[in-house]
Amino acid sequence: MGRPPRWATVEDFINECDPDGFFDWCKENNRKPLWEWFAVYCKCDRSTILDYLQKDGKQNGEYDNKVDFATVIKRIGNEINAYLIDNGLEGKYRDALTIFYLKNYGYTDKQEVKADMSVTLSIDGGGLFD
């Protein structure tokens, strides 16, 4: 069976973690709003937050129908990612750090490969086709 979920309801999560207060907490504690600090703020492991985010209401035992968790956490994630992008564009962070962080949280590089190839096939039938 395993352990019960960290928060039984989204209301429990919001009451304990106060997602809107996270950004104020970051300012007060001179922290950057990142997933890792959100986990510290919620007094849990980063993987716990990401588990709730990834379940997104999928049928999976203890996380059944937890769409509301994913909705709240995605909103926070959007704000975190927007913060990173803004600061990256303003040159406040190294490009590599911003890219690394965003790639670990859903962003991907798009690569296109185009190939124009032609193949010529010749068969030597050893006189069978003469």
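1. A residue counts as buried under 20% relative accessible area, as exposed over 50%, and as partly exposed in between. In this predicted model, W37 has a relative accessible area of 26% and is therefore partly exposed.

2. The whole structure contains eight aromatic pairs. One of them joins W25 and W37 in a tilted arrangement, with 6.2 Å from centre to centre and 50° between the planes. This pair links distant parts of the chain, since W25 belongs to helix α2 (residues 19-28) and W37 to helix α3 (residues 35-41), twelve residues apart.

3. W25 also pairs with Y41; that contact is likewise described as tilted, at 5.5 Å centre to centre and 55° between the planes. Because W25 lies in helix α2 and Y41 in helix α3, the pair ties together parts that are 16 residues apart in sequence. Y41 is buried, its relative accessible area being 15%.

4. These contacts belong to a wider arrangement: ring pairs connect F13, F22, F23, W25, W37, F38 and Y41 into a cluster.

5. As to the cysteines, a search of the whole structure finds zero disulfides. C44 takes part in none, and the nearest cysteine sulfur, belonging to C42, is 5.2 Å away. A disulfide requires sulfur atoms within 2.5 Å, so the separation of C44 and C42 does not meet the cut-off.

6. On cysteine burial, C44 has 18% relative accessibility and counts as buried. C17 is buried as well, with a relative accessible area of 0%.

Key:
Residues numbered from 1 in each chain as written. Predicted model: local features only at pLDDT ≥ 70, side-chain atom pairs only at ≥ 80, totals over all residues. Heavy atoms only, no water. Phe/Tyr/Trp six-rings, centres within 6.5 Å; stacked < 30°, edge-to-face > 60°. Helix = DSSP H or I, 4+ residues; strand = E, 2+ residues; numbered from the N terminus. Buried < 20%, exposed > 50% of the residue type's maximum accessible area, 1.4 Å probe, protein only.
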